[in-house]
Amino acid sequence: MSAVAHPTSTGLDNRKVAMWTFIGSECLLFGSLISTYLVYQGRSVTGPTPQEILDIPLTSISTFVLLMSSLAMVLALAAVTRGDRLWSRVWIFATAALGAVFLGFQAYEFTHFVHEGLTIKTSLFGSTFFVLTGTHGAHVAVGVLLLLTLLVRSFQGKLGSDKAMVVEITGLYWHFVDVVWIVIFTVVYLLS
Amino acid sequence: MTETNTEHTHTSTGTYVTIAAVLTVITLVEVGVFYVPAFESFLAPVLLTLSAAKFILVVMFYMHLKGDHPLFTVILTVPLLIAFGVAVALLFLFGVFVLGGSAV
């Protein structure tokens, strides 16, 4: 990626327009997955049911962790923009670490569900739940990898304030993953 | 020269922390409401409203849509509305919502 953005017909950075367009398409993807979950909600003929198996306190904590990762992400962007290498590394690492913690919560939850007899093949609830939350988890995993790449670039001395747009675009992806979880937490866990 | 987003450079750390605190409080209220039996009859609208508030706060302040170019708002809003429309249509088609009646 070049350090200086080229002139564009819209006057906007093409990479940023591309990321927003990608996020728009992701709205449709997650919209269809959430719709599928809702359509089949309460139609499983075998258990465990959502009421029996979902752990609201545990998921509330993981939701808090993901919300705090978004705070760390904006603080990372602010640090990169002002050319503060130390704090940009601290906040990028914090964001990636919080993302990894969220994935740890999800891994624990999935493992617990499987031990309780709920797999992707057990019921409509199992299929729609694992596909929806699993797809979201995969997005978080990609986000963590992107953040770790930024961290490596920072330690290589290649993440100065001239690369703030790269961090901003990564941040857009990360915040989108966060807002998707806001919806999933409400629709899947609290309205179950 | 391409336009760069300078809005986030003017947003203070204090604003970001305040937004995080508000998001945390809303999440606590959501979980609290979930456990209060008195809210059971109107749990869905309350939770969906609180969830929408969190969504808007993150998009406006953390994704900087508030001070950014309007094109980005259009790029996000149009697919979001389509997704919402598809969800509502599917819920009607599969009988989860029933016109002039209660949910199945």
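This report describes the nonpolar core, one residue of helix H5 and the contact between chains A and B in a predicted model.

## Basis

Residues are numbered from 1 along each chain as its sequence is written, while chains are lettered from A in the order in which they are written. Because the model is predicted, local features need pLDDT of at least 70 and side-chain atom pairs count only at pLDDT 80 or more, whereas totals for chains, interfaces and linings use all residues.

## Nonpolar core

The largest nonpolar core (buried Ala, Val, Leu, Ile, Met, Phe, Trp, Tyr and Cys residues joined through C-beta atoms within 7 Å) has 67 residues, and those with the most contacts inside it are A:Val74, A:Leu75, A:Ala76 and A:Leu77. Helices of both chains, among them H3 (56–81) of chain A and H2 (13–35) of chain B, each supply at least two residues of this core, and its largest share, 18 residues, comes from H6(A). Helices here are DSSP runs of H or I with at least four residues, numbered from the N terminus.

## A:Leu151

A:Leu151, found in helix H5 of chain A, counts as partly exposed because it has 18 C-beta neighbours inside 10 Å, where 20 or more would make a residue buried and 12 or fewer exposed, with C-beta atoms placed from the backbone. Leaving aside neighbours within four places in sequence, A:Leu151 is in contact (C-beta atoms, placed from the backbone, within 7 Å) with A:Arg89, A:Ile92, A:Phe93 and A:Ala96.

## Contact between the chains

In chain A, 44 residues are in contact with 44 residues of chain B; H1, H3 and H6 of chain A each supply at least two residues of the side that touches chain B.

Definitions and conventions: Two residues are in contact if their C-beta atoms, placed from the backbone, lie within 7 Å.
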